[in-house]
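Student: I should like to go through this structure and ask, for each descriptive term, what justifies it.
Tutor: Please look at the sequence and the model, and then put your questions.

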Amino acid sequence: MLNMGKGFDFREFKAKQEKLALEWKSNGGKVVGHYCNYVPEEILHAAGILSIRLLGTTDNITHADAHIQSFVCKLIRAGLDMGLKGELDYMDGMVIPNTCDGMRLLFEIWKKNMDKGFLRLLDLPILIRQGLSQDRMRNDFGLFKRQVEEYFGKLILEEELSNSIRVYNENRTLLKELYNLRRKEEGIISSVEAYEAVLASLTWPKELSSELLKSMIAEANKKIAERKEVKSKPKVRFHVSGSVLTDLRILEIVEEFGGVVISDDLCTGTRYYWDNVEETGDPMKAITNRYIEKLPCPCKSPNDERHDFIFDSIRQGDVHGVIFVMEKYCDPHLFDYPLLRKQIMDMNIPTLGIESELGVSGQEQLRTRIQTFINVVQGGQ
Amino acid sequence: MGNQSSPKKGRALKTSYEASTILRNYWETIHAAKKAGKPIGYCSGNAPVELMYAFDILPAYPENYAAVVASAKIALPLVQMAESKEFSHDLCSYAKINLGEVFWEGKGKPEMPFGGLPTPPDILLTTKIPCITQVKWWEVLRDVYHCPMILLDAPMLEGTVDNQPSEDQVDFVVDQLKLIIAQLEDFTHTKFNEEKFFHCLSLSDQAGGLWHDIIDLRGEAVPTPVGSREMCGNVFSLVAMLGTETPVKFYQKMKEELQYKTWKKIGAIPNEKYRLLYENIPLWYNLEMLSDVENKGAVFVFETYLRYVWGGRIDLTDPYRGYAKKILSDVFLNMNLQLRYDIMARDIKNYHIDGVVFHSNRSCKRYSLGYYELKEMLLERLGIPSVVIEADHSDPSGYSEGNTKMKLDAFIELLEERRNAGSRG
């Protein structure tokens with residue numbers, strides 16, 4: 001199902017994702033796009049809607065520059081560009097949460113130019129560890145559910161929500177299983193494959209994504225059982241830190257030079273699937289609690305929990321280096337970076353910072369930097 | 001907000017000369033307080049400063065101080081120092097100036113105006129109302145100084161015609177304020193003095209009211225008695241001293257002078273032809289930009305930055321809710337695009353404005369995004385032309401003074417052509 005072993009191409013990935021969405025539509029289904037992993041997708045799923053995370057495009061920006069300045073991240077500019085070009089016309093709606101300043105204003109620009117379908121701003125609190133903000137989040141999620149029901153004319157029943165929770169939990173559990181498996185049995189699943197599987201989970205029908213994950217895990221277990229995979233040499237193991245990682249060629253280069261990514265705190269990684277929803281009790285309450293308690297994004301305050309997650313991962317003893325993939329103009333991540341990096345280096349873990357705009361231009365330079373970094377890390381082992 | 005450098009002519013208002021004394025006194029007081037062991041809090045823009053005064057915590061403003069540094073034209077080495085410490089070039093230059101000072105290493109540090117910010121801060125107070133930058137920057141300060149950080153969480157104004165937040169939003173902010181009061185009680189080990197707080201709110205409201213009168217007086221008057229450049233130097237006490245007597249006295253005096261000048265029809269420039277609106281934070285390192293246009297008969301008579309970022313009225317009959325409403329509704333950056341347009345459209349009419357200058361400020365996404373939409377809306381719906389200049393509020397690197405001048409000159413020529421065409425037609 002995935003593009004295994006052929007070299008990752010985001011365009012192909014996107015084409016496949018669009019094909020699946022159109023198939024969903026041709027069966028009478030609705031599709032809603034969204035940014036950020038604070039959108040309670042379970043609610044959309046319970047209303048029978050396919051929710052798709054917007055991951056941008058590697059294409060050049062042609063329409064968005066007339067509407068938004070270039071000092072905003074490519075994820076925002078690319079999504080707007082796709083919308084303006086009509087590439088998202090198949091979607092029945094778009095949900096943009098109030099996370100960073102760019103996202104907040106993106107909603108305004110979106111509304112001014114594409115005020116159609118189910119277009120909603122999800123204005124969530126920033127202080128997620130405070131009771132008052134948690135109450136507000138409960139209200140916001142409740143309102144969101146009512147808006148979905150009203151717009152799509154579908155009352156969401158409790159049992160439907162509970163079912164969606166199970167579907168999403170299964171998917172997240174599988175992603176976590178895959179994560180643990182590749183951490184324990186390095187090399188059994190390539191980093192590229194593993195992260196492509198997360199991108200698929202973010203954009204495909206969940207049931208289909210889970211099928212794929214099950215087959216990947218089964219195949220990996222089979223390999224382990226048959227002991228087919230012989231480790232030729234110890235791999236250099238990395239944690240990848242950042243927001244969205246869609247240009248998986250970075251991982252290909254890491255692997256090419258004998259490295260492997262075993263851990264991450266990405267928005268298109270653990271931050272999406274690490275935490276499950278409680279399956280007992282009131283489903284709306286359980287869903288809200290999950291989004292309150294989940295591994296937080298740097299757009300939430302305080303920022304320690306994500307950092308602790310990284311330190312904990314490093315303390316497991318199998319991480320040799322940290323690669324930061326930082327989206328240009330992403331203020332929340334860029335503010336965290338210098339002190340976070342220093343703390344990691346104080347743990348005697350080398351770091352590499354890569355600037356990305358949904359991809360890295362200058363592949364040769366990138367290859368050299370990654371190769372040099374792997375040599376440095378290996379020297380220190 | 002910043003002190004002005006080398007004015008090419010005297011101030012239009014005598015009262016403006018007092019601004020530098022206020023600034024100097026403020027800095028002397030805060031350094032003396034620090035020396036005496038009194039608590040100092042670093043406050044960000046739009047944080048509830050009246051509460052700090054109510055608890056006898058003196059607020060220092062790293063943001064405002066960065067503007068002072070930029071207007072003293074010493075921002076660059078500090079920005080570069082922050083960048084050398086891995087803070088991205090693309091982050092807000094206010095933050096970079098401050099972090100350049102915080103992380104300064106080695107020789108060559110510029111002499112900091114007023115002796116620098118008092119360090120270390122004892123407490124940090126911030127809010128997301130104007131931007132998330134203030135939260136992320138304050139988290140860095142928290143990690144550096146290991147002191148408590150208080151954050152006022154607030155929703156963004158969805159916008160209604162009368163510019164009022166919803167009751168739920170007000171409730172949320174009121175609850176937050178009460179929580180902050182409890183946190184400050186813990187921090188100071190003192191009981192909250194509500195009466196003192198209400199007095200601070202009353203002073204804040206008076207200053208806000210006077211400031212609005214001042215904005216109206218100079219905006220409505222033809223010719224306008226004072227331009228933007230001078231007024232940017234007069235806003236400091238509204239930024240940092242709301243809740244004290246100082247801004248009330250200062251703005252009372254300024255208002256009276258303006259009343260006299262507008263009655264006498266004494267203009268800031270001899271032959272006022274074009275009235276401009278300035279949108280966004282000024283270029284602190286090049287405030288001349290705001291007065292250079294005066295040679296061509298144009299004058300900036302109104303700025304959203306001066307009117308809708310600092311100060312505001314408070315309904316004192318219901319102090320907590322009144323204060324929450326003010327915090328939520330009087331900040332341009334916390335408004336949605338439609339509301340920003342509605343307010344600009346109203347002010348353009350009230351202040352007889354001919355054209356708008358947008359500063360697309362790479363350091364302030366929250367202020368700047370949406371300008372291309374606003375530009376189009378102003379032209380299509382009101383026939384008001386505008387120009388967008390690209391710059392940064394405090395980082396002079398990459399700024400092209402020549403290009404900006406050319407753009408502004410061409411814009412004034414356009415206004416002239418439009419007027420000529422209009423008078424012919």
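Student: What makes the four strands of chain A an open sheet, and in which order do they lie?
Tutor: The model is a predicted one. In chain A the order is S2-S1-S3-S4, with parallel pairing. Strand S2 (49-53) and strand S4 (118-122) of chain A are the edge strands, each pairing on one side only. From one strand to the next the twist averages 20°.

Student: How do you know that S1 and S3 of chain A pair?
Tutor: Pairing requires at least two bridges between the strands. Three bridges join strand S1 (residues 30-34) of chain A to strand S3 (residues 93-97) of chain A, and the two run parallel, so the criterion is met. Val32(A) stands opposite Gly93(A), and His34(A) has Val95(A) as its bridge partner in S3(A).

Student: How many bridges join S3(A) to S4(A)?
Tutor: Five bridges join S3(A) to S4(A), and these strands run parallel. Gly93(A) has Phe118(A) as its bridge partner in S4(A).

Student: Why is S3(A) called largely enclosed?
Tutor: A residue counts as buried if 20 or more other C-beta atoms lie within 10 Å of its own. Five of the five residues of S3(A) are buried, so the strand is largely enclosed by the rest of the structure. Both faces are covered: Gly93(A), Val95(A) and Pro97(A) are buried on one side, and Met94(A) and Ile96(A) on the other.

Student: Which helix lies across S3 and S4 of chain A, and at what angle to S3(A) does it run?
Tutor: Helix H4 (residues 101-113) of chain A lies across these two strands, running at about 150° to S3(A). Angles over 145 degrees count as roughly antiparallel, so the helix direction falls in that class relative to S3(A).

Student: What makes chain A as compact as a globular protein of its length?
Tutor: Chain A has 14 helices and eight strands. Its radius of gyration is 20 Å, close to the 21 Å that the globule rule gives for 381 residues, so chain A is as compact as a globular protein of that length. Along the principal axes its C-alpha trace spans about 60 × 50 × 45 Å. Buried residues make up 50% of the 381 residues in chain A. Of the contacts in chain A with a separation of 6 or more, 73% are between residues 24 or more positions apart.

Student: Why are H4(B) and H5(B) called roughly perpendicular?
Tutor: Helix H4 (residues 75-84) of chain B and helix H5 (residues 93-102) of chain B pack at an angle of about 80°, with their axes 7 Å apart. Angles of 65 to 115 degrees count as roughly perpendicular, and H4(B) and H5(B) therefore belong to that class. Residues in this contact include Leu78(B) and Val79(B) of H4(B), and Ile97(B) and Leu99(B) of H5(B). The residues of the contact divide into seven nonpolar, two polar and three charged.

Student: Which strands are at the edges of the open sheet S6-S5-S7-S8 of chain B?
Tutor: The edge strands are strand S6 (298-303) and strand S8 (386-391) of chain B, since each pairs on one side only. The four strands of this sheet pair in parallel. Neighbouring strands are turned by 30° against each other on average, direction ignored.

Student: How do you know that S5(B) and S6(B) pair?
Tutor: Five bridges join strand S5 (residues 274-279) of chain B to S6(B), so the requirement of at least two bridges is satisfied. Tyr274(B) has Ala298(B) as its bridge partner in S6(B).

How values were computed. Residues numbered from 1 in each chain as written. Chains lettered and ligands numbered in written order. Predicted model: local features only at pLDDT ≥ 70, side-chain atom pairs only at ≥ 80, totals over all residues. Rg over C-alpha atoms; globule rule 2.2 N^0.38 Å. Buried ≥ 20, exposed ≤ 12 C-beta atoms within 10 Å, placed from the backbone. Contact = placed C-beta atoms within 7 Å. Axes fitted to C-alpha atoms, helices over the stretch in contact; angles between N-to-C directions. Parallel < 35°, antiparallel > 145°, perpendicular 65-115°, else oblique. Nonpolar A, V, L, I, M, F, W, Y, C, P; charged D, E, K, R; others polar.
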